[in-house]
Amino acid sequence: TDHAGHVAVPQDAKHPAFAGLAADDFFCRAGGRVVYRNAYRKPDDGTVLVACDANLGDAALVEVPAGDGVLLLCQLAVGGSPADPVSRRVTANLIRYAVEYRPAAKEP
């Protein structure tokens with residue numbers, strides 16, 4: 001979408017993507033910077049990790065299993081502010097999670 005905004009809501013605070021972060025870190029960032037840009041419509045497949053926009057109808061971060069790996073579809077505004085500690089933490093957490101990801105064992 002063309003949706004951008006200042007408020008997003010993590011959907012599972014215990015997910016490794018949010019290690020060392022609080023829900024407030026996704027609410028009205030310092031300097032008036034947006035939290036997300038070009039949010040996705042909530043998908044039918046995958047897990048919405050960060051919901052956003054009106055009535056939390058869009059997604060700023062989605063996890064989608066893909067074979068033995070995972071796709072992390074991220075529209076959080078993390079790339080433009082390397083000095084921002086929240087941006088650095090989110091980026092590091094997502095990289096670590098992707099590297100360590102193992103698909104759930106299938107039941108026989």
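## Surface, cores and charged pairs

Val7 has a relative accessibility of 35% and therefore counts as partly exposed. The model described here is predicted. Val7 belongs to a nonpolar surface patch, and the segment that holds Val7 precedes strand 1 (8-10). The chain also has a nonpolar core of 18 residues, its largest, and two salt bridges.

**Surface patch**

- The patch is formed by Val7, Val9, Phe27 and Leu56, which together have about 290 Å² of accessible area.
- Val7 is among the residues touched by Tyr36, and Tyr36 is itself one of the residues with the most contacts inside the largest nonpolar core.

**Nonpolar cores**

- Within the 18-residue core, the residues with the most contacts are Ala8, Phe26, Tyr36, Val50, Leu61, Leu76 and Val90.
- Strand 3 (47-52), strand 4 (58-66) and helix 1 (85-100) are the elements that give two or more residues to this core.
- A second core, separate from that one, has five residues, including Val48, Ala51, Ala59 and Val64.
- Leaving out residues up to four places away in sequence, Tyr36 touches a run from His3 through Ala4, Gly5, His6 and Val7 to Ala8. The other residues touched by Tyr36 are Cys52, Asp53, Ala60, Gln75, Leu76 and Ala77.

**Ala60 in strand 4**

- Ala60 sits in strand 4 and counts as buried because its relative accessibility is 0%.
- Beyond four places in sequence, Ala60 touches Tyr36, Val50, Cys52, Leu73, Cys74, Gln75 and Leu76. Of these, Tyr36, Val50 and Leu76 are listed among the residues with the most contacts inside the largest core.
- The C-alpha atoms of Ala60 and Leu73 are 7.8 Å apart, with a sequence separation of 13 residues.

**Gln75 and its surroundings**

- Gln75 is placed in the loop between strand 5 (69-74) and helix 1.
- A polar contact of 3.2 Å joins the side chains of Gln75 and Tyr40.
- With neighbours within four places in sequence set aside, Gln75 is in contact with Val35, Tyr36, Arg37, Asn38, Ala39 and Tyr40, and also with Ala60.

**Salt bridges**

- Opposite charges on side chains can pair when the charged atoms come close. The count for this model is two salt bridges.
- One of them joins the side chains of Asp84 and Arg33, at 3.1 Å from N to O. Its partners are 51 residues apart and link distant parts of the chain: Asp84 is in the loop between strand 5 and helix 1, and Arg33 is in the loop between strand 1 and strand 2 (40-41).
- Asp84 is buried because its relative accessible area is 10%, whereas Arg33, at 30% relative accessibility, counts as partly exposed.
- Another salt bridge pairs Asp58 with Arg41, and the closest N and O atoms are 3.4 Å apart. Asp58 in strand 4 and Arg41 in strand 2 are 17 residues apart, and this pair too links distant parts of the chain.
- Asp58 counts as buried because its relative accessibility is 2%. Arg41 counts as exposed because its relative accessibility is 54%.

**Positive phi outside glycine**

- Asn38 is not a glycine, yet its phi is positive, at about 50 degrees. Asn38 lies in the loop between strand 1 and strand 2, and a relative accessible area of 42% makes Asn38 partly exposed. Asn38 is also one of the contacts of Gln75.
- Asp53, likewise not a glycine, has a positive phi of about 70 degrees. Asp53 is found in the loop between strand 3 and strand 4, and counts as partly exposed because its relative accessibility is 26%. Asp53 is also among the residues touched by Tyr36.

**Helix 1**

- Asn93 is a residue of helix 1, and counts as buried because its relative accessibility is 2%.
- Apart from residues up to four places away in sequence, Asn93 touches Pro16, Ala17, Phe18, Ala19 and Leu21.
- Arg88 also belongs to helix 1; at 47% relative accessibility, Arg88 counts as partly exposed.
- From C-alpha to C-alpha, Arg88 and Val78 are 7.3 Å apart in space, and they are 10 residues apart in sequence.

Notes. Residues are numbered from 1 along each chain as its sequence is written. This is a predicted model: local features need pLDDT of at least 70, side-chain atom pairs count only at pLDDT 80 or more; totals for chains, interfaces and linings use all residues. Side-chain values use heavy atoms; hydrogens and water are left out. Patches are made of residues with over 30% relative accessible area and no salt bridge: like charges are joined within 9 Å, nonpolar side chains (Val, Leu, Ile, Met, Phe, Trp, Tyr) within 5 Å. Accessible areas come from the Shrake-Rupley method with a 1.4 Å probe; for residues, only the protein chains shown count as cover. A salt bridge is a side-chain nitrogen of Lys or Arg within 4 Å of a carboxyl oxygen of Asp or Glu. Helices (H or I, at least four residues) and strands (E, at least two) are DSSP runs, numbered from the N terminus. Buried means under 20% relative accessible area, exposed over 50%, partly exposed in between (1.4 Å probe, protein chains only). A nonpolar core is a set of buried Ala, Val, Leu, Ile, Met, Phe, Trp, Tyr and Cys residues joined through side-chain atoms within 4.5 Å. Contact means heavy atoms within 4.5 Å. A polar contact is a pair of N or O atoms within 3.5 Å; within protein, one must be able to donate a hydrogen and the other to accept it, and residues adjacent in sequence count only if both atoms are side-chain atoms.
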